[in-house]
Amino acid sequence: MKVFLGGARGSFPVSGPDKMRYGGDTFSLLVEGRNGEQVLIDAGSGVRQLKGRLRAGGTVFFTHTHLDHLIGLPMLSKTWPRRLILPRGGLREVLARVFSPPVWPVKLPDAEFPMPAEPMEVGGLRVGWHAVAHPDGCVAYRVDEPATGASVVVATDVEWQMMTPRAQDAFALFARGADLLVFDSQYLPAEYAAHKGWGHSTWTDAVEAARRFGVQKLWLMHHAPGRKDAELDALAAEAAAAFKGAVFPTVETMTEILHE
Ligand SMILES: [Zn+2]
Ligand SMILES: [Zn+2]
């Protein structure tokens, strides 16, 4: 299994000389199985980094429909997916609202909007999902490759501290033992109180979740739009000291190979 992260920024895309190392594109992540099968999770602006690798006719799974996770979808025109999936449904209607004049001038190509039973098989990949705390609802995804034992859990937008102990336990059961956990780390612990209920976690929540889940490696992402490279460098060092497998992926290190 190969995992490619297209963008690690949260809320909206940013750019600037102080945001070069960790990048400014919003979330999109591609999981590729050993036979080349592909699962794309979300289509934020970071999908532009993945479209050279993406083949047409694939499947896109959406965690939720906030703009930072949809905004790159029109960029897939040449590699347009066959299936677009939002587990709770209603995706066709949301996309029709966002990508239609006068908000967006070009109509999206047709696609299927299935409501699959969980888990869903995509070639040799098995995709499961789990509801997490976030305004308007959101899911985390787990992609397993039974043939190699590789697994990744993707929790882009989740407010860990808003989940009850019971909900955290259920999430831990879902994510247990994954090789790689990709987790929301929008806030510093000191920023959280002012943003309670906004739907995001701190990097220390992400570390706590990684420990509870028993994962090997943790990618921290969905960085606050204003967070600068130098600040993220400092957080990366702190997080790595707190949890051995913690990494803030830079644009150079947004690829991971698991159990090939
Ligand atoms: Zn988001
Ligand atoms: Zn969101």
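**Cavities, zinc sites and helices in a predicted model**

Modeller: The largest cavity in this predicted model has a volume of about 50 Å³.

Colleague: What makes this space a cavity and not a pocket?

Modeller: A cavity is a space where a 1.4 Å probe fits but cannot get out, whereas a pocket is open. The count comes to one cavity of 30 Å³ or more. The volume of the largest cavity is about 50 Å³.

Colleague: Which residues line the largest cavity, and which strand gives the most to the lining?

Modeller: The lining includes Gln 38, Val 39, Leu 40, Leu 54, Arg 55 and Thr 79. Strands S3 (38-41) and S4 (59-61) are the elements that give two or more residues to this lining. Strand S3 gives the most, with three residues.

Colleague: What is the volume of the largest pocket, and which residues are closest to its centre?

Modeller: The largest pocket holds about 270 Å³ of space. It is lined by 16 residues, of which Arg 92, Ala 96, Lys 107, Leu 108 and Pro 109 are the closest to its centre. Helix H1 (residues 91-98) gives the most to the lining of this pocket, with three residues.

Colleague: How do you know on which side of H1 its buried residues lie?

Modeller: The buried residues of H1 are Leu 91, Leu 95 and Val 98. They cover an arc of only 65° around the axis, and therefore they are on the same side of H1. These buried residues pack against strand S5 (83-85).

Colleague: Let us turn to the metal sites. Which residues coordinate the zinc ion (ligand 1)?

Modeller: The zinc ion (ligand 1) is coordinated by Asp 68 (OD), His 69 (NE2), Asp 157 (OD) and His 222 (NE2), at 2.1 to 2.2 Å. These distances fall within the 2.8 Å that defines a donor.

Colleague: Why is the site of the zinc ion (ligand 1) called irregular?

Modeller: The angles among its four donor atoms are 92 to 162°. Four donors count as tetrahedral if all angles lie between 85 and 135 degrees. The value of 162° does not meet that condition. The alternative for four donors is square planar, which has its own angle limits, and anything else is irregular. The site is accordingly classed as irregular.

Colleague: Where along the chain do Asp 157 and His 222 lie?

Modeller: Asp 157 is in the loop between S9 and H2, and His 222 is in the loop between strand S11 (217-221) and helix H5 (229-242), so the pair ties together parts that are 65 residues apart in sequence.

Colleague: Why are Asp 157 and His 222 called buried?

Modeller: Buried means under 20% relative accessible area. The value for Asp 157 is 1%, so Asp 157 is buried. The value for His 222 is 0%, and therefore His 222 also counts as buried.

Colleague: Which residues coordinate the zinc ion (ligand 2), and which residue coordinates both zinc ions?

Modeller: His 64 (NE2), His 66 (ND1), His 134 (NE2) and Asp 157 (OD) coordinate the zinc ion (ligand 2), at 2.1 to 2.6 Å. Asp 157 bridges the two zinc ions, which lie 3.6 Å apart.

Colleague: What makes the arrangement around the zinc ion (ligand 2) irregular?

Modeller: Its four donor atoms subtend angles of 89 to 173°, which makes the arrangement irregular. Here the value of 173° is outside the 85 to 135 degrees required for a tetrahedral site. His 134 lies in the loop between S7 and S8 and Asp 157 in the loop between S9 and H2, so this pair ties together parts that are 23 residues apart in sequence.

Colleague: How do you know where on helix H2 the buried residues lie?

Modeller: The buried residues of H2 (residues 165-175) are Gln 168, Phe 171, Ala 172, Phe 174 and Ala 175. Seen down the axis, they fall within an arc of 160°, so they line one face of the helix. On the other side of H2, Arg 166 and Leu 173 are exposed. The buried residues of H2 pack against several elements, among them strand S7 (125-132), strand S10 (180-184) and helix H4 (203-213).

Colleague: After H2, where does Ala 178 lie, and is Ala 178 buried or exposed?

Modeller: Ala 178 is in the loop between H2 and S10. Its relative accessible area is 0%, under the limit of 20%, so Ala 178 is buried. Ala 178 touches residues further away in sequence, including Arg 142, Ser 151 and Gly 214.

Technical notes: Residues numbered from 1 in each chain as written. Chains lettered and ligands numbered in written order. Predicted model: local features only at pLDDT ≥ 70, side-chain atom pairs only at ≥ 80, totals over all residues. Heavy atoms only, no water. Buried < 20%, exposed > 50% of the residue type's maximum accessible area, 1.4 Å probe, protein only. Helix = DSSP H or I, 4+ residues; strand = E, 2+ residues; numbered from the N terminus. Arc of directions from axis to C-beta. Contact = heavy atoms within 4.5 Å. Donors = N, O, S within 2.8 Å, 3.2 Å for Na, K, Ca; no water. Tetrahedral: all angles 85-135°; square planar, octahedral: opposite > 155°, others 65-115°. 1 Å grid on protein atoms, 1.4 Å probe; cavity = no way out; pocket = protein on both sides within 12 Å on 5 of 7 lines; lining within 4 Å. Points joined across faces, edges and corners; volume = space filled by probe spheres on them. Lists of a residue's contacts leave out its neighbours within four places in sequence.
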